Amino acid sequence: MLENSDRTWLPEMGETWQKTLSWQPNPAQQILFQRLYELICQGNQQLNLTRITDPMEFWEKHLWDSLVALKKWGIGNGESGMGIRNCRVIDIGTGAGFPGIPIGIIQPNWQVTLLDSTRKKIAFLETLVENLDIKNVTALCDRAEKIGQQSQHRESYDLALIRAVGTASECAEYALPLLKIGGLAILYRGQWTEDETTALRSPVTQLGGIIESVEKFTTPITNSIRHCLYIKKIASTPAKFPRPVGIPTQKPLQ
Ligand code: SAM
């Protein structure tokens, strides 16, 4: 356990949270964000988890960026966020736990599964969620292409999150099979164009989805551009999707 004087403190950013997301963390959530930051910095000494360790950068690129996607439902609106009380969420290719962990912290009624194919990262995340004592978050080591064909995961989630994992078409092929009909995938992207939206329509349709909206955000510290793509599942995904491991990357749906 670190002495307070040895700690690197995350900024609280109450006003900025309020101004940008009309919300701010309560003291218990702020403590969890601080512990999350410290545990990731410690884990980084053994594992290559993230290059973002400066406290302000961590706040903006990991905390704010993870949560901004929920802005349209009202952040931390625990019971009615997305209109689903016990929302089942999967974070595909979670890496060091983003965006799934910050979302699990602010939505304790949601059941969040952190999925990653790297065993070391999942072992780290299992210890991390135990240390944070967040019982609504679990970690799973597997490939999205594999669990998308398993009955205990296929068409089982209300919300699929995917940030920094691959092309948008690849991300859609990982996410859509895992969603229930009526569920939503959120693809976190940086720069994004109308042409890219147009090109994504056909893959999304083949997977049983529809691009419901694309929202643009500007990060509050460095004024970087972000887009969230909200893709709704409106029909069953054909059984051939997701295709075997590696195929969504090698032969992206067009
Ligand atoms: N989502 C995190 C973030 O935004 O900070 C981590 C992104 S990291 C660049 C991509 C992660 O996706 C890696 O940890 C990798 O192991 C995982 N990954 C890539 N393809 C995957 C797949 N098909 N199934 C599961 N995990 C995958």
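The following exchange concerns the sheet and the ligand site of a predicted model.

Colleague: What makes β1 and β2 a pair of strands?

Modeller: Pairing requires at least two bridges. Strand β1 (residues 88-92) and strand β2 (residues 111-116) have 5 bridges, in the parallel sense. They therefore count as paired. Within this pair, R88 stands opposite Q111.

Colleague: Why are β3 and β6 called edge strands?

Modeller: The open sheet has 7 strands in the order β3-β2-β1-β4-β5-β7-β6, and its pairing is mixed. β3 (137-141) and β6 (209-218) each have a single partner strand, so one side of each lacks a neighbour in the sheet. From one strand to the next, the twist averages 20°.

Colleague: Which helices pack on the sheet or lie across its strands?

Modeller: Helix α5 (residues 119-132) packs on the sheet and touches β2 and β3, its direction making about 165° with that of β3. Helix α7 (residues 168-175) lies across β1, β4 (157-163) and β5 (179-189), and runs at about 150° to β5.

Colleague: How do you know that K121 and R163 make polar contacts with the ligand?

Modeller: The cut-off is a pair of N or O atoms within 3.5 Å. A polar side-chain atom of K121 lies 2.8 Å from a ligand oxygen atom, and for an N or O atom in the side chain of R163 the distance is 2.6 Å. Both values fall within the cut-off, so both pairs qualify. T118 qualifies too, with a polar side-chain atom 3.0 Å from an oxygen atom of the ligand.

Colleague: How much of the ligand does the protein bury?

Modeller: The ligand taken alone exposes 610 Å², and the protein buries 79% of that.

Colleague: What makes up the shell around the ligand?

Modeller: The shell divides into 5 nonpolar, 5 polar and 6 charged residues. Among the closest are G93, F98 and D116.

Key:
Residues are numbered from 1 along each chain as its sequence is written. This is a predicted model: local features need pLDDT of at least 70, side-chain atom pairs count only at pLDDT 80 or more; totals for chains, interfaces and linings use all residues. Side-chain values use heavy atoms; hydrogens and water are left out. Helices (H or I, at least four residues) and strands (E, at least two) are DSSP runs, numbered from the N terminus. Axes are lines fitted to C-alpha atoms, for helices over the stretch in contact, and angles run from 0 to 180 degrees between N-to-C directions. Contact means heavy atoms within 4.5 Å. A residue is near a molecule or strand if one of its heavy atoms lies within 4 Å of it. A polar contact is a pair of N or O atoms within 3.5 Å; within protein, one must be able to donate a hydrogen and the other to accept it, and residues adjacent in sequence count only if both atoms are side-chain atoms. Accessible areas come from the Shrake-Rupley method with a 1.4 Å probe; for residues, only the protein chains shown count as cover. Ala, Val, Leu, Ile, Met, Phe, Trp, Tyr, Cys and Pro count as nonpolar, Asp, Glu, Lys and Arg as charged, and the others, Gly among them, as polar.
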